[in-house]
Amino acid sequence: MKTAIEREKILVGFSWGLLLMGAGVVLLPLLVVLLTSFSTPNIVGETQLTVANYQQAWHRGKFLLAFANSTLVALGVTAFQVITSALAGYALARLQFPGRQTLLLLVLATLVIPFQLLVIPIFLVLKWGHLLNTYWALILPTAVNGFGIFLLRQYFLTIPVELEESAALDGANRWQILWQIMLPLAQPALVTLFLFTFIGEWNDLFKPLVFTTKPQLKTVQLVLAEFQEQYTSSWPLLMAAVVISSIPVIVLFLIGQKQFIRGIATTGIKN
């Protein structure tokens, strides 16, 4: 009995050791970035800590405008994706209509098509609609996403059908069932989709680079790209810009991490 307990303690200690090593591997680069962003070499070659790098990076990169643009685009795309994914996901999960499985397969097929492969037709459509160099050029191309539709569809399948049947007996229609019952119960999946979409759009460089040329529409990632070109020899300044651009998504993830983990853990578990 004592030997079994000792083995279990050794196994637990070994597991904790592996987890700590993994955490160290992940956090070490982040720590290096953070320390570099606060450092500045003095005359004798020693390193001193200062916040001057953040002040310079903020003003030189005009991050206030970049933050406003990135926030507007990310929230716009996220709002569109949450609405379209909820409607399409509920239809694919609950409504019975001809071709439902075929439509689901088509939605899944879009997940394997790279966005870069569609850039030319999307560019032509935006040009035809006079939407280039506008916020709509950054929002509309990713307003609908197959991943979000599939995520919401899988989560709706975990919700008991009996809840909908009870609401229908009380006189609720499909819209009332969706907005008053299904969506409140699907909050973890909605938060998960919100985080995935917002962070993905915040980190997106491709669309602003291809569909916009106006300085007024610069996003955070475009500013970082300029920093990489202009300040390649000033690592503290570049790292300060990286930290500034990462703060919003880190804070957002920390706020919604519980719902995010719950949404990922329960999606796909059919009732």
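Q: Which residues in α9 do Leu163, Glu164, Ala167 and Ala168 in α8 meet?
A: This is a predicted model. In it, helix α8 covers residues 161–169 and helix α9 covers residues 174–185. Across the contact, the four α8 residues meet Arg174, Ile177, Ile181, Met182 and Leu185.

Q: How many nonpolar residues does the contact of α8 with α9 have?
A: The α8 side of this contact includes Leu163 and Ala167, and the α9 side includes Ile177 and Met182. By class, the contact has no polar residues and two charged ones, and its nonpolar residues number seven.

Q: Why is α8 oblique to α9?
A: The axes of the two helices come within 10 Å. Angles over 145 degrees would count as roughly antiparallel, and 65 to 115 as roughly perpendicular. α8 is therefore oblique to α9, because the crossing angle is roughly 140 degrees.

Q: Is the crossing of α3 and α4 left-handed or right-handed?
A: Helix α3 spans residues 63–94 and helix α4 spans residues 100–109, with axes that come within 10 Å and cross at roughly 140 degrees. The two helices are therefore oblique to each other. Whereas α8 passes α9 in a right-handed crossing, the crossing of α3 and α4 is left-handed.

Q: Which residues in α4 do Ala91, Leu92, Ala93 and Arg94 in α3 meet?
A: By class, the contact of α3 with α4 has six nonpolar, no polar and two charged residues. Arg94 is one of the residues on the α3 side. On the α4 side, the residues met are Arg100, Leu103, Leu104 and Val107.

Q: Is Gly146 buried or exposed?
A: Gly146 lies in helix α7, which runs over residues 146–158. Its relative accessible area is 12%. Under 20% counts as buried, so Gly146 is buried.

Q: Which residues is Gly146 in contact with, leaving aside its neighbours within four places in sequence?
A: Val107, a residue of α4 that takes part in the contact with α3, is one of them. The full set is Val107, Thr110 and Leu111.

Q: Which element gives the most to the largest nonpolar core?
A: This core has 20 residues, and Ala57, Phe63, Val220 and Phe227 touch the most other members. The elements that give two or more residues are α2, α3, α10, α12 and α13. With eight residues, the element that gives the most is α13.

Q: How many residues are in the other core that lies apart from it?
A: Its members include Ala86, Leu178, Ala186 and Ala189. Ala189 is 43 residues from Gly146 in sequence and 14 Å from it in space, C-alpha to C-alpha. The residues in this other core number 18.

Terms used
Residues are numbered from 1 along each chain as its sequence is written. This is a predicted model: local features need pLDDT of at least 70, side-chain atom pairs count only at pLDDT 80 or more; totals for chains, interfaces and linings use all residues. Side-chain values use heavy atoms; hydrogens and water are left out. Axes are lines fitted to C-alpha atoms, for helices over the stretch in contact, and angles run from 0 to 180 degrees between N-to-C directions. Angles under 35 degrees count as roughly parallel, over 145 as roughly antiparallel, 65 to 115 as roughly perpendicular and the rest as oblique. A crossing is left-handed if the near helix is turned anticlockwise from the far one by less than a right angle, and right-handed if clockwise. Contact means heavy atoms within 4.5 Å. Ala, Val, Leu, Ile, Met, Phe, Trp, Tyr, Cys and Pro count as nonpolar, Asp, Glu, Lys and Arg as charged, and the others, Gly among them, as polar. A nonpolar core is a set of buried Ala, Val, Leu, Ile, Met, Phe, Trp, Tyr and Cys residues joined through side-chain atoms within 4.5 Å. Buried means under 20% relative accessible area, exposed over 50%, partly exposed in between (1.4 Å probe, protein chains only).
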